[in-house]
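Let's take a friendly walk through a protein chain, starting with its overall build and ending with a couple of details that are easy to miss. Keep the picture at hand as you read.

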Amino acid sequence: MGSKSVLGCVKSIIRDKRGLTLALALTAVLSVLASLAPPQIMKFIIDKYLSEDKTAGLITPAAIYLIVIILIGILDFLKGWLLTFFGQRTIHQIRLEMMKKLGILPYPFFTQNSAGSISSRITTDVENVDVLFSDGLVSMAVDSLKLIGIIISIWIFSFRLAIVALCLIPIVFLITRFFRKRMLAAQTENLKQLGKVNGHIAESVKNIMMIKLFSKERYMEDKYCRELESNYKTKGKVIIYDSCYAPIIQLIRALVISLVVILSAEQIGVIGVSVGMVAATIDLISGLLAPVEALGMEIQNIQKGLSGMKRIDEFLMLKEDEKDENITAEAVIEGCKVCAVSFESLCFSYDKDIPVLKNMTFQIPYGESVTLAGRTGVGKSTLFALVMGLLQPTSGRILIGGYAAHKVPDGIKRKIFGYVEQNFRFVPGSVADQISLGDPSITPERVQQVCKLVGLSESIEALEQGYDTVLSGNNSFSWGQCQLLSIAR
């Protein structure tokens, strides 16, 4: 069962929401066209009325100018609303794919990656992808269309002014390219460091008992400060590039406007244009560089989004559990009557050079009880993880009722295995949910029967809402009662 890539999720949204996509494209084009009208109207007002000291009839073009400005505002609102809606649908689909992927990843992934690092991918990275589409690619496309329209408008006024404007393009391109490369590297490194910071917080909360018992508060604080300092430095690089880009663009804008005014002066007369054309050209050049200035932020958003997309795609491409969906619980249970568990030349190692289990070959017949004894670290817990299919053998195999343990689907394992850990894992929900794990086929009556069987019924019924008491962590049961809950589960 494979997962879609981020691009696949976007294509799916575009295909399923054709109306939304068409409305967004149409609104963006209309917004670009409307934004080109005010300078033309301004030129008309200055040349036809203000330059000739005429006021009669001025109310009409002024009203048109106001209506166009209002229309631009409405179109920008619609564009922003549609972009936000499109972005939310996209990240919704991406998060669904990531949660689906979590359910089919092999067990070692969760032991080799911290909870903070995993949650960072589903939160921070996905939010960055949202920014990529809402404030990145689409906005960049709109601003690029504006640039083309502005150049055409200036060319209509004067080809000389258009040449001046066109000279800005390679300059802006080189500046943009310079910052883009450095922004991408800084954003990618910052995301990695942010994941480490989030991971440290999650691990500290998870292991707070151990930290307090061994008085390691200072150690954990120092380690957190180091991670935070690294994140601070990488964020600083991003801020430096971001803060330098906008002032450079603003300086270029001021220089070009000054150049246009100078070249249009009567004493120089290089560009023969009217006062209205000069005013409109200055407005257009400001409009030319405003999108370019916005491109700086959009480029940063795109780089941030691309780095998030890269990390998400890497996550979605991770190797999945090898499950055989054709295996049924009935077939496994029937096979167990012949031979419950079979170990055939089993070898396993976490590190290639350090074997944990080596050449284990034996069988556990149906109905036989077996106890594994040995000192800490010899591989007892590892062997249980292998039997349950959480880990895969390095070589050899483990058969449960004749089927490879790691290929038995997770949904079937619960009908085959009863497993009690040293630590009980609470899930969000009521006391009954801790036992049924939300399985609708397990009735409240069955939950009550099993709790009575293990000796927990009196303790649970003494709670304020009995089996319906909602738990927020382990604040209602002792350590021994948690073991009983695990047995009941």
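In this predicted model, the chain folds into 17 helices and six strands. Its radius of gyration is 33 Å, well over the 23 Å that the globule rule gives for 489 residues, so the chain is more spread out than a compact globule. You can look for this in the outline too: along its principal axes, the C-alpha trace spans about 105 × 50 × 45 Å.

How much of the chain is buried? Of the 489 residues, 41% are buried. The contacts tell another part of the story. Among those with a separation of 6 or more, 75% link residues that sit 24 or more positions apart in the chain.

Now turn to the surface. The chain exposes about 27,600 Å², and carbon and sulfur atoms supply 61% of that area. As for charge, the chain has 51 positive and 45 negative charges, and the mean positions of these two groups are 5 Å apart.

**The sheet**

Which order do the strands take in the open sheet of four? Reading across, the order is β2-β1-β3-β4, and the pairing is antiparallel. In general, the strands of a sheet pair through backbone hydrogen bonds, and they may run parallel or antiparallel.

Within this sheet, strand β1 (residues 341–348) pairs with strand β3 (residues 395–400) over five bridges, in the antiparallel sense. To find a spot where the two strands meet, look for Phe 343, which stands opposite Ile 398 in β3.

What about the edges? The open sheet runs β2-β1-β3-β4. Strands β2 and β4 (403–404) stand at its edges with a single partner strand each, so one side of each has no neighbour in the sheet.

**Two residues with a positive phi**

Finally, here are two residues to find along the backbone. Ser 215 has a positive phi although it is not a glycine, and Asn 359 also has a positive phi without being a glycine.

| Residue | Phi | Place | Relative accessibility |
|---|---|---|---|
| Ser 215 | about 50 degrees | loop between α8 (208–213) and α9 (217–264) | 55% |
| Asn 359 | about 50 degrees | strand β2 (residues 357–364) | 51% |

Are they buried or exposed? Ser 215, in its loop between α8 and α9, is exposed, with a relative accessible area of 55%. Asn 359 lies in strand β2 and counts as exposed at 51% relative accessibility, because exposed means over 50%.

Methods. Residues are numbered from 1 along each chain as its sequence is written. This is a predicted model: local features need pLDDT of at least 70, side-chain atom pairs count only at pLDDT 80 or more; totals for chains, interfaces and linings use all residues. Side-chain values use heavy atoms; hydrogens and water are left out. Buried means under 20% relative accessible area, exposed over 50%, partly exposed in between (1.4 Å probe, protein chains only). The radius of gyration is taken over C-alpha atoms; the globule rule is 2.2 Å times the number of residues to the power 0.38. Contact means heavy atoms within 4.5 Å. Accessible areas come from the Shrake-Rupley method with a 1.4 Å probe; for residues, only the protein chains shown count as cover. Lys and Arg count as positive and Asp and Glu as negative; His and the chain ends are not counted. The place of a charge is taken as NZ of Lys, CZ of Arg, CG of Asp or CD of Glu. Two strands pair if DSSP finds at least two bridges between them.
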